[in-house]
Structures are given as structure tokens and as C-alpha cells.
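Trainee: I've just opened this one up. Can you walk me through it, a bit at a time?

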Amino acid sequence: MEAVLSLLIGLLVAVSVYLMLARNFLRFLFGLILLSNAANLVIFTAGRLTEGAPALLRYGEDAPATEIANALPQALVLTAIVIGFGLFAFALVLALQAYRQIGTLDTDQMRLAEPRQPGAEADK
Amino acid sequence: MTSWFLAAPLVIPFVTAVAAFLLRNSETGRWVSVAGSAAMLVASLLLMAEVLDKGVLAGQMGNWPAPFGITLVADTLSAVMVVITAITSLAVVIYGMGEVPVRLERLGYHALYNAMIAGVTGAFLTGDIFNLYVWFEVMLISSFGLLVLGGTKEQLDAGVKYVALNLVSTLAFLAGIGMLYGMTGSLNMAELALTVPQVENQALVTVVAMLFMVGFGVKAAVFPLFFWLPAAYHTPRFSVSAVFAGLLTKVGVYALMRVFTLIFVGDVSFTHEILLWVAAATMVTGVLGAAAQTDFRKILSFHIISQIGYMVLGLALYTTTGLVGGVFYLVHHIIVKANLFLIAGIAQKAAGGNELSRIGGLYKAAPFLGLLFLIPAFSLAGFPPLSGFWAKFVVVKATLELGHWFVAFLALAVGLLTIFSMTKIWAAAFWKPHPDGIEPSLSRVDRGELVPMMIPVVGLAVLTMIIGLHPEPFVQIAETAADQLLDPTAYITAVLGEEAAP
């Protein structure tokens, strides 16, 4: 199971790097969310996989009768998903607003904060 | 009781943020923000006094014993950073009364501001690595809001780059946490200090250390990872740039200092050697970048990068003197850099711009402002007897002690180039006559705006002078901080109890 998940993480990272290298900011953001999912899976896999085991005790039990899953990585992933969701929502709104104001999401054209120096055009 | 000392500087800005948000449509909101910052300063000074008196403090939140619950820890470095955060926060919030327009206050400027301060403070105080990630996010999301508040085209463009690169760095940090947990089964930093050396596969530990170095390196704006900073810091309001310039990158430096003295010290000859050359490259590229700029705030932004190099250099040397220099530099830099950005704001109001070719004549119009600029500018360049001189002196001394002649030479040469940039600003903004032939004057600025803008500038300049003329107590505090960083026994026993000592 670890091997499958590791391969999946690798695939996600590869796809996200491909997307993040694009000039379009929206593609970059899609790459980012894939990368964030890959990071979440890293936590989940590194925290040991226990197939089919519950993370909670039965009502009235003091100690687990069977194998039990570690709840901590799950809690970490949950926190990271929530935070990632908030940040991604902000980034999407930012992209929308930037598109409305600047008129493009091509990062090569987005040079308002750092305008090209005169003379730098020549080496383009 | 200890827990309250630790929690107060965190709770106060959060309460202030909520209150300021509810009162955002009235004048009171602004004053609530000022009162909150002042209260936080008192709380942080109490914490500092307690730490200096009793040594490292640790409090278990919710009474869950470490390493299972979330621990707040204040050693001397954390306490110093919290105090300096509170000072900067108070200075900038007072400045904001004159500079931040009512329109932005209604959009929730003070709420975002205080939430960001809470995030910064939390990052300094937490003793749990995942909790550090959460505080980073609190700080980041509020800083995103502050950066684009107002929504001009430049701000949105800057926001895109700032958000994108910071999110990538956060993910590197997060993946690092996951792998660290997988190897050690712990998230508590004190326990990690004990368990990481026992990990069989030390090579993997170094790989994870690199993930942390990249993650924090982006936040700290070190050499190959700094591109978001000069793209963003010159676009928002001056209050926002000042508090960003003062505090945000320093959280990255603090995090580097924490994990590379407490957790990842197994392969110092590899990790700290990288840090050494990163620091050298950061100093040089930052100052050269500044030399190419012609905008007041852009020059200052590049100087943040160059100065970060000195702090990382202090850490990379990994000796007492080096860390003393690093810590001293951190404190000095926050005060001086925030002050320079605040002065840039006043200069803009008086002369009508920030582009050096379009302004001038400020010295004639406002000689006092000229003096106020010279104090932090010379301090930044490292002139005695200002705070920057001692900071540079200790760092360079530590570099020479280890025989890194070339790096020491670079550090001194960068100091010289810093003077070049500062004199460029001085000559263009203060000395040369205004290109449009108009006389800039402070009397053009509304009194109600000017007074709150001047008070923090004067206050921070006085603080720079005090540190410069009377460095003894500050160096002593930095020495205590450095000793605690190099020998984390006190940190570990404070968190886990006496029996856990290595």
C-alpha cells in the first residue's frame, strides 16, 4: 500500500510541477493544489498506514481490542486540508481580481509592480 | 500562572483583532488597535522579565502534558522576538493613524493587522513543529489580505507573486513535517531534539532538513529564493510595508535559527556549510540588487535581503559569538528597517513620490526629517556608534574567529555598498532640488496625519541610538539567547521535565 501511495505522490508532484511551470497563473494554482494534496498524502503515508483499523476506541473500552490507527496524522492532514482550502480560495479570488484589473493571467505580461527597465527589451 | 505569561502576548492581539473588526466602521476601532498593541507590549515585557529571571519558560496549553499537547515555550530568543514584535506593532499602528485611510480601516485593516501580529507572536512562542506551521499560515493569510487591501493593479500583481511563492514554501515545510513525524513519531520540538539523533537513517534526516531549509529560506528571503520580496514590498501602504519589512522575513530567520540549532544539528559540516554560502550570496545579491534600483522602497526592499544574509551568517557559523551577532542583528534590523520604511512614507507625503528621479529638496524643507533618515540609514550601513555597528562588528568578528576570511571580506564590502545605496537616497531625495521646481514641505501634510506619523519614527530612532550607545545589556541578552540555542538542555528540561535531559 505504501508503494502505491508513494507512486501516487510522485505522480501528483510531477503533474503539479508541470502545471506550475506554465505561464498562466490559473494553471499554476491548479498545480499548487495538487502539490498540497501530495504533501497531505506524504503526512498520511509517513504516519504509517493501518488498513481497516479504526482510529477511535469503542464506547466503554479503555484499551483497543484490535489494531488501531494512529489518529494524529489524520488530524494533521485534516488541519492541513482546511488551511489549504482557505488559502486556495483566497488565491482563486486573487486570480479573478487580478484578471479583472490587469486583463491577463499570463505572468510574463504581469509586470506592473516590476516594470521592465528600458533597455532590457533588447535581450528578450 | 506561567501559562498565562506565555499565552497573554498571543491572546491579546487575537482579542484586539476581533474587537477591531466589530468596530471597523467607527473611530473607536483604531484606538482599540492602539490599546491592544500597547497591552501586548506590556504583556511581552512581563514575559521577558520572567524569562530573564527564571530561565526558559514552558506552558502546556489545555494541560495536556508534553509531548502530547501543544507546548508554548519562551527561551530568551523567543522572549526578545516577542518584545520586538510588540514594539514594532505599536509603532506601526500609531503611524497608521496618520497614514491608513478610513476606507481601508472600514475594510478591516486593523483586524488583519492584529491577526498577523498574533501569527508572528505564535510562531515565536510555539514549541511544536506542526503548530509552527499553523502560525505561519495565520501570519500568511493575514499578510495576503494586508498586501492587496485597497486593490490597485500593482498590489494585485505583487499579490500574485507573493502568494504563489509563499504557498510553495509552505508546502515544502509541510511535507518536511510529515516526514519528520514519520521518522520520529513526535512533533514536539524539545522531544524532536532528543529523538532525531536516534534515527537510524541520518541521511534521510538531512534530506528533511533541506526541505525545512527551503521552506524557511523562502520566508526569510535568502539567496536563490527571495524573488517574491522585491516584487511585493513596495506596493502596499507604507504601514503595511514597514511591518512586513520589520517582522515577516525575520520569522523565517527565527525558524531557521530554531530548527538548525535544536533539531538538525547532526550534520553541521554539511547543513551549516550550505547556510554559510547561502548567507554570503544573499548579502551580495541583495546589495547589488539595491544598487540597480531607483525607487525609495525598492532600494530598501533589496536591503532587507542583503541584511538577512548577516543574520543567516551568524547562524551558519554555529558558535556563541556567531549566534550573539545573529540575534543582535535580528533585533537591530527590525527596528531600523521598519523605521526606514516609515520615513519613506513621510517623504512621499512631503515630496509627492517615491521614485528618486521625481523627488528632491527634502533636506531644505525638513532638516529634522533628514536627521531622522540618517540615523537608521547609517545604522543599517554599520556606522559607529549606532546599533548596526555592533551587530556587524560581532558577526564579522565571529566570521574571522573561524577563519572564513573571504566571507568576512564580503560582509565588510557589502557594508560599504550599503552606504552607497543610502547616500544615493540621501543625495536624490534630500539634497538635490526638486525636479519639478516645487518646494516640498511638511506643512503641506495635514497636521492630524503628520503628528502620528512622526512619533513612531522618532521613537524608533531613539531606540536605535540607545542600543548603539549603550549596547552592553543588549549584548548580554543576546549572549544568554545564544548560549541557550547552542546548549538546548534548558529548553528540553523546561518542556519535558528534568528526567528527560540528555
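**Chain A and its neighbour**

Mentor: Sure. One thing before the details: this is a predicted model. In chain A, take the contacts with a separation of 6 or more: 49% of them are between residues 24 or more positions apart.

Trainee: OK, and how many helices and strands does chain A have?

Mentor: Chain A has 3 helices and 0 strands. Going along the sequence, the pattern reads α-α-α.

Trainee: What's the radius of gyration of chain A, set against a compact globule?

Mentor: Chain A comes out at 21 Å, while a compact globule of 124 residues would be near 14 Å. You can look at the spans too: along its principal axes, the C-alpha trace of chain A covers about 75 × 30 × 20 Å.

Trainee: And what share of the residues in chain A is buried?

Mentor: Of the 124 residues in chain A, 32% are buried. As for the outside, chain A has an accessible surface of about 7,800 Å², and carbon and sulfur atoms hold 64% of that.

Trainee: Let's move to the interface. How many residues does each chain put into the contact?

Mentor: Chain A gives 35 residues and chain B gives 34 residues.

Trainee: How much area do chain A and chain B bury between them?

Mentor: About 3,000 Å², with 77% of it on carbon and sulfur atoms. On the chain A side, L87(A), F90(A) and A113(A) supply 19% of the area buried against chain B, which is more than any other three residues.

Trainee: How many salt bridges does the rule find across that interface?

Mentor: The count between chain A and chain B is 0.

Trainee: Switching to chain B, then. Which residues form the nonpolar patch on the surface?

Mentor: The patch is formed by F368(B), L371(B), V458(B), V462(B), I466(B) and F474(B), and together they have about 480 Å² of accessible area. In chain B, the elements giving two or more residues to the patch are α16 (367-381) and α19 (447-469).

Trainee: Which element has the largest share of the patch?

Mentor: That's α19(B), with 3 residues.

Trainee: Now L371(B): where does that residue sit?

Mentor: L371(B) is in helix α16 of chain B.

Trainee: And why does L371(B) count as partly exposed?

Mentor: Because its relative accessibility is 45%. Buried would be under 20% and exposed would be over 50%, so a value in between is called partly exposed.

How values were computed: Residues numbered from 1 in each chain as written. Chains lettered and ligands numbered in written order. Predicted model: local features only at pLDDT ≥ 70, side-chain atom pairs only at ≥ 80, totals over all residues. Heavy atoms only, no water. Patch = residues over 30% accessible without salt bridge, like charges linked within 9 Å, V, L, I, M, F, W, Y side chains within 5 Å. Areas by Shrake-Rupley, 256 points an atom, 1.4 Å probe, with all protein chains shown as cover. Salt bridge = Lys/Arg side-chain N within 4 Å of Asp/Glu carboxyl O. Helix = DSSP H or I, 4+ residues; strand = E, 2+ residues; numbered from the N terminus. Buried < 20%, exposed > 50% of the residue type's maximum accessible area, 1.4 Å probe, protein only. Rg over C-alpha atoms; globule rule 2.2 N^0.38 Å. Contact = heavy atoms within 4.5 Å. Buried area = accessible area lost by both parts, 1.4 Å probe.
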